[in-house]
Every structure is written in structure tokens, then in C-alpha cells.
Amino acid sequence: MSRVLVVDDEPAIVTLLQYNLEQADYQVVTAIDGEQALQLAQHEQFDVILLDLMLPKLDGVEVTKRLRQEKIKTPIIMITAKTSEFDTVFGLELGADDYITKPFSPREVLARMKAVMRRYHEDATPRVPSDNGHVIRIAGLTIDQDKFQVKRGEQPIDLTPKEFELLLFFAKRPGKVWSREQLLEGVWGFDYSGQTRMVDIHVSHLREKIEADPKHPQLLKTVRGFGYTFEAPHD
């Protein structure tokens, strides 16, 4: 039985999530503030964390930051009622795997949870190095799929898990143009209908890390009116 940590200071939200998750055969542990959530996540094993952004004592962004600093990689879905993009973007940059805005349907939450858990378990599965291109060298970058590492020359590039997946997706298919919807399906693994801003956020952060001049990208380019392409010959 998968274990879920639900963190929210609104009793109605906690009750709604707990009831529907337990009906779907999840074991649910709840917390009402950031400090309690942090302690639970540090000392217990969970398959996913549903984490409200605005919490007493420690907010969701700070909880995410501390967990990732401690190398705790449990998938995190941030729950937010805020319309400001800054906090959501910051949470994703720190290592949250997804976000969902209030009001939401329990069915949507369950779908998002299944998606991030599937991706997490796929990434955690040991991979046996093969001769079939487990290391990709392209545009001065070395992408090691077994070690989840990216380097430019000998210099490591620190990417979040989702940034790594996005770069790998592009690097395996240089020159092809992808719509935001196709990228959501290919990288996130499910149809994130109406939430294509997620792609733009991650592309922007990825450019900051791999482009010499992110404002004038030479590798990860925008195709106006359609999406993105990775223009780079293999080394």
C-alpha cells in the first residue's frame, strides 16, 4: 500500500484528500504545518507528498528546499491557491515535481500522484550500462543517463530531475519541433491539459543552465506559434 503525506492547514482540504485517498487504497498521514511535515518526511518513508504552499511555521517552498538539501527525493506535489507565478516557479526550481491549484478535484489529484510516482520509480530503477548510447554527447554536453549527470567539458551542470528529463528528451531528438502538449506527454508522462506554462517554466530554467546567453539561445530554441526545438549536431 502506497503511503501519502498530506500537508495542509485547512481541515476541510485534509479531510477531502484523506477520504478520497483512503478510498483509493492509499495509506494517509497528515500534517498541519511545515515543521511537522518536515519531521515526518525526514523520519518516515512516503511514496508522495501533497504539500500546501502556504503553511504555518514553514511554508511549502522552505519544506521542499530542506528536503532536497538532505537528498530526500520523495515526489512532491505542491498545492497552491495563489495566483502569483513566482512561488510556484520557485518551488519547482527547488525540486517539487508538480503543482496543482485550488480548487481541485480528487480525481485530478489521484492522476497527478500516479504520474509523479510512476516517473519516480522509473528513474529509481537501476539501469545496466549498454552500448546503445547510455552516454549522449551533443553540442558540447555529455549526458550520462545511468548516473543522471550532465557536464560541459569537465564542468558539471546541476539540473533538477525534471530538467534532466527534459534535456534528455530533446537531446535524443535533435532538430525535431515539439509542441508544449507533446512535451508534457513525453516528459511528464500524462496529459497536463491547460497547464502548458509548466513547459515554459522548465525550458526557461534549462536555458539558464546550458546556454551561453539564455536571452539569445542557440541550442534550445522557440518555434513561434508551435513550441520548441533542440538545434544541435551530435559531437
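The lining of the second largest cavity has, by class, five nonpolar residues, one polar residue and no charged ones. This is a predicted model, so please keep that in mind throughout. The residues lining that second largest cavity are L17, N20, L21, P106, V109 and L110. Two helices supply at least two of these lining residues each: α1, which runs over 11-23, and α5, which runs over 106-124. The volume of this cavity is about 30 Å³.

How many cavities of 30 Å³ or more does the structure hold? There are two.

On to the other one. The largest cavity has a volume of about 40 Å³. Around the largest cavity we find L92, G95, A96, D97, T160, P161, K162 and H202. Sorted by class, that lining comes to three nonpolar, three polar and two charged residues. Where does the largest cavity lie with respect to domain 1 and domain 2? Domain 1 covers 3-123 and domain 2 covers 135-230, and both give residues to the lining, so the largest cavity lies between them.

Last item, a pair of helices. Helix α6 spans residues 161-171 and helix α7 spans residues 180-188. Their axes come within 10 Å and cross at roughly 115°. Angles of 65 to 115 degrees count as roughly perpendicular, and α6 and α7 are therefore roughly perpendicular to each other. As for handedness, the crossing in which α6 passes α7 is right-handed.

To recap the cavities: the largest is lined from both domains, while α1 and α5 each supply at least two residues to the lining of the second largest.

Methods: Residues are numbered from 1 along each chain as its sequence is written. This is a predicted model: local features need pLDDT of at least 70, side-chain atom pairs count only at pLDDT 80 or more; totals for chains, interfaces and linings use all residues. Side-chain values use heavy atoms; hydrogens and water are left out. On a 1 Å grid over the protein atoms alone, a cavity is a set of points where a 1.4 Å probe fits but cannot get out, and a pocket is an open set with protein on both sides within 12 Å along at least five of seven lines; lining residues have an atom within 4 Å of a point. Grid points are joined across faces, edges and corners, and a volume is the space filled by probe spheres set on the points. Ala, Val, Leu, Ile, Met, Phe, Trp, Tyr, Cys and Pro count as nonpolar, Asp, Glu, Lys and Arg as charged, and the others, Gly among them, as polar. Domain bounds come from an automatic or database domain assignment. Helices (H or I, at least four residues) and strands (E, at least two) are DSSP runs, numbered from the N terminus. Axes are lines fitted to C-alpha atoms, for helices over the stretch in contact, and angles run from 0 to 180 degrees between N-to-C directions. Angles under 35 degrees count as roughly parallel, over 145 as roughly antiparallel, 65 to 115 as roughly perpendicular and the rest as oblique. A crossing is left-handed if the near helix is turned anticlockwise from the far one by less than a right angle, and right-handed if clockwise.
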